[in-house]
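Biologist: Before I accept any labels on this model, I want to see what each one rests on. Can we go through them one at a time?

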Amino acid sequence: MQDDKQTSLLHRAVEFWKQSRFPIAFTGAGISVASGIPDFRSPGGLWSKYDPMKVATGEALRTNPQAVWEFLMETADLLQSSEPNSGHFALAKLEEEHGLQGVITQNVDNLHQRAGSKEVVEYHGNFERFYCQKCGEKEESERVQEKVKETIPPYCDKCYSFIRPDVVFFGEAIPAYAMQKSRELTRKADLILIMGTSGEVSPANTIPREVKMNGGKIIEINKGMTYYHDISDIRFDNPAEDILPQLVHFLSQ
Ligand SMILES: [Zn+2]
């Protein structure tokens, strides 16, 4: 019975997709869980071990860079041991062969890019890039990895201030470029695929509503209840790595 229901939802999703001129995708932590990265906010996630206010704010970086970098090292280990999963690969395929116009992601794990997605808006930055918090000098990821073997936090060669990852900490603004690019995609979109995000993090969570207000449709692929369940046109109560490859398969027929 469940399978019949899923198949009919997939047929509807294909119909929506084929009618769409500008489909986009919006992803969050849930899509990377199957890659071995537990959602920071889930039980057992990094926020049950670390207090985000002490290790993931601009203030913490200024006042206690040592604690911040200890947390960052654990995060780096987690991200380095992860690989893109079938959900990431299916999104790359949707872009390559079925007209997906872009992915707006709240994730900093670089897995969409590694799976082959080209148009990726990094709403919260990217953990594989680093820069000096004072002079802004960019620092290669490999170089940072070498530096942290010697000292934490790593220092900038130019001004001896701390190096930080190019990610948005709590209380920090969304990068202007990401904001602008995301607005551009959202404004044009007539269909949005939402997955792996329950919509708790602002301001990213307003994106699907904006598409809806512009007359667009929402296909949601999320296990469990979310902030979007009442506005989704089609809702799969499954993880993305189960549904997205099937959607690609149905679209290819
Ligand atoms: Zn510097």
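Modeller: Start with the word "buried", which here means under 20% relative accessible area, while exposed means over 50% and partly exposed lies in between. The model is a predicted one. In helix α11, the residues that meet the buried cut-off are A240, I243, L244, L247, V248, F250 and L251.

Biologist: What makes the buried residues of α11 line one face of the helix?

Modeller: The arc is taken from the directions that run from the helix axis to the C-beta atoms. Viewed down the axis of α11, the buried residues fall within an arc of 165°, so they line one face.

Biologist: How do you know that the span of α11 is close to the expected one?

Modeller: The expected span is 1.5 Å times one less than the number of residues. α11 has 13 residues, and for that length 18 Å is expected. From its first C-alpha to its last, α11 reaches 18 Å.

Biologist: Which residues have the most contacts inside the largest nonpolar core?

Modeller: They are L91, L94, L193, M195, F236, L244 and L247, in a core of 27 residues. At least two residues each come from α1 (2-19), α6 (86-98), β7 (191-195), β8 (217-221), β9 (234-236) and α11 (240-252). The largest share, seven residues, is supplied by α11. As an example of the contacts, L247 touches L10, A13, V14, L94 and L193, leaving aside residues up to four places away in sequence. A second core, separate from this one, has 24 residues, including L46, F71, C156 and V167.

Biologist: Why is C156 called buried, and why is C135 called partly exposed?

Modeller: C156 has 2% relative accessibility, which is under 20%, so C156 is buried. C135 has 40%, which lies between the two cut-offs, so C135 is partly exposed.

Biologist: How many disulfides are there?

Modeller: A disulfide requires a pair of cysteine sulfur atoms within 2.5 Å. By that rule the count is zero.

Biologist: What makes β4 and β6 a pair?

Modeller: Two strands pair if there are at least two bridges between them. Strand β4 (residues 125-132) and strand β6 (residues 163-167) are joined by five bridges and run antiparallel. In β6, D166 is the bridge partner of N126, and R164 stands opposite Y131.

Biologist: How many bridges join β4 to β5?

Modeller: Two, again with the strands antiparallel. That count satisfies the requirement of at least two, so β4 and β5 pair. Y131 stands opposite K138 in β5. The hairpin of β4 and β5 has five residues between the strands, and in this hairpin G136 takes a positive phi near 80°.

Biologist: Why are β5 and β6 called edge strands?

Modeller: The open sheet has three strands in the order β5-β4-β6. β5 and β6 each pair on one side only, and they are the edge strands.

Biologist: Which residues have a positive phi although they are not glycines?

Modeller: N110, at about 70°, and Y160, at about 65°, are among them. N110 is in the loop between β2 (103-105) and α7 (111-115). With 13% relative accessible area, which is under 20%, N110 is buried. Y160 lies in the loop between α8 and β6. At 61%, which is over 50%, Y160 is exposed.

Biologist: Where are the cis peptide bonds from I152 to P153 and from S202 to P203?

Modeller: P153 is in the loop between α8 (141-150) and β6, and the bond from I152 has omega near -5°. P203 is in the loop between β7 and α10, and the bond from S202 has omega near 0°.

Biologist: Is N205 buried or exposed?

Modeller: N205 has a relative accessible area of 7%, under the 20% cut-off, so N205 is buried. N205 lies in the loop between β7 and α10 (207-213). Setting aside residues up to four places away in sequence, N205 touches F26, G199, E200, Y227 and Y228.

Biologist: And why is P23 called buried?

Modeller: P23, in strand β1 (residues 23-27), has 3% relative accessibility, so P23 falls under the 20% cut-off. P23 and L193 are 170 residues apart in sequence, with 7.6 Å from C-alpha to C-alpha.

Technical notes: Residues numbered from 1 in each chain as written. Predicted model: local features only at pLDDT ≥ 70, side-chain atom pairs only at ≥ 80, totals over all residues. Heavy atoms only, no water. Buried < 20%, exposed > 50% of the residue type's maximum accessible area, 1.4 Å probe, protein only. Helix = DSSP H or I, 4+ residues; strand = E, 2+ residues; numbered from the N terminus. Core = buried A, V, L, I, M, F, W, Y, C linked by side-chain atoms within 4.5 Å. Contact = heavy atoms within 4.5 Å.
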